[in-house]
Structures are given as structure tokens and as C-alpha cells.
Amino acid sequence: VGYETGDYEFDDQIEIESTAAGPFSAGGDSGSLIVDAGLQAVGLLLAGSDQGGSNGAGLTYANDIGRVLRALRLELK
């Protein structure tokens, strides 16, 4: 992921590719909870772009929600 301070690699992240004409996420979405079709939490949005991916609509990256919850010693009810 490219930032003003340089490029960074994040391991074991979820990569999301938009299936719509535009990107899955937009600026300011970092920290948003990502849910699946059953409304179950799956990730915490880390970064996104409006370019890249197989359809050119951008890619979004998220932290696995299980890892986030364990790191913060939290659980969802």
C-alpha cells in the first residue's frame, strides 16, 4: 500500500475487489466494519484504492476481524 511516507506491506490481510463499476471503499472509510452477506463481521477496513484489480475498479484491504478482536481482547456478541 502506498502512503506519503512510502510503500508498506501488510501480511495476512483480506483483499476485496469491487464487483460494481466503482471501488468497494472510499477515502475516509478506514476503520469501517466489513460484514458478509449474512451480516457477520469479517474484517476491519485498512486501506483502499480506486485503481487496480481485475476490473480496474480498485482493491480494498481489511484486517481479519478475529485477529483484531484477539489483539484488543474483545469479543462480539
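**Questions on the predicted fold**

Student: Leaving aside neighbours within four places in sequence, which residues is Pro23 in contact with?
Tutor: Contact here means heavy atoms within 4.5 Å. Skip the neighbours within four places in sequence, and the partners of Pro23 are Ser18, Ser49, Asp50 and Ala57.

Student: What pLDDT do side-chain atom pairs need before they count?
Tutor: Residues are numbered from 1 along each chain as its sequence is written, and side-chain values use heavy atoms, with hydrogens and water left out. This is a predicted model: totals for chains, interfaces and linings use all residues, local features need pLDDT of at least 70, and side-chain atom pairs count only at pLDDT 80 or more.

Student: What pattern does the protein follow along the sequence?
Tutor: Helices (H or I, at least four residues) and strands (E, at least two) are DSSP runs, numbered from the N terminus. The protein has one helix and six strands. Reading along the sequence, you get β-β-β-β-β-β-α.

Student: Is Pro23 buried, partly exposed or exposed?
Tutor: Start with where it sits: Pro23 is in the loop between strand S3 (13-17) and strand S4 (33-35). Buried means under 20% relative accessible area and exposed means over 50%, with partly exposed in between (1.4 Å probe, protein chains only). Since Pro23 has 38% relative accessibility, the label is partly exposed.

Student: How far apart in space are Pro23 and Gly48, C-alpha to C-alpha?
Tutor: Along the sequence, these two are 25 residues apart. In space, the C-alpha to C-alpha distance between Pro23 and Gly48 is 8.1 Å.

Student: And Gly28, how far is its C-alpha atom from that of Ala47?
Tutor: Gly28 is in the loop between S3 and S4, and it counts as exposed because its relative accessible area is 75%. Gly28 and Ala47 are 19 residues apart along the chain, and their C-alpha atoms are separated by 9.3 Å.

Student: What separates the C-alpha atoms of Gln40 and Gly22?
Tutor: Gln40 lies in the loop between S4 and strand S5 (41-48). Apart from neighbours within four places in sequence, Gln40 is in contact with Ile34 and Val35. Gly22 is 18 residues away from Gln40 along the chain, and the C-alpha separation is 24 Å.

Student: How many salt bridges does the count come to?
Tutor: The rule asks for a side-chain nitrogen of Lys or Arg within 4 Å of a carboxyl oxygen of Asp or Glu. One pair that meets it is Glu75 and Lys77, at 3.7 Å, N to O. Glu75 is exposed, given its 61% relative accessible area, and so is Lys77, at 92%. By this rule the count is two.

Student: How many residues apart are Arg67 and Asp12?
Tutor: Their side chains form a salt bridge, 3.6 Å from N to O. The pair links distant parts of the chain, with Arg67 in helix H1 (residues 65-72) and Asp12 in the loop between strand S2 (6-7) and S3, and the sequence gap is 55 residues.

Student: Which of these labels fits Asp12, exposed or buried?
Tutor: Its partner Arg67 is partly exposed because its relative accessibility is 45%. Asp12 has a relative accessible area of 54%, so the label is exposed.

Student: What is phi of Arg73 near?
Tutor: Most residues other than glycine have a negative phi. Asp12 goes the other way, with a positive phi near 55 degrees. Arg73, in the segment after H1, is exposed because its relative accessible area is 78%. Phi of Arg73 is positive too, near 55 degrees.

Student: Which residues make the nonpolar surface patch of about 300 Å²?
Tutor: Patches are made of residues with over 30% relative accessible area and no salt bridge; like charges are joined within 9 Å, nonpolar side chains (Val, Leu, Ile, Met, Phe, Trp, Tyr) within 5 Å. One member, Phe10, is in the loop between S2 and S3 and is partly exposed because its relative accessible area is 38%. The full set is Tyr3, Tyr8 and Phe10.

Student: What share of the residues counts as buried?
Tutor: The C-alpha atoms fill a box of roughly 35 × 35 × 20 Å along the principal axes. Of contacts with a separation of 6 or more, 42% come from residues 24 or more positions apart. Of the 77 residues, the buried share is 21%.

Conventions:
Accessible areas come from the Shrake-Rupley method with a 1.4 Å probe; for residues, only the protein chains shown count as cover.
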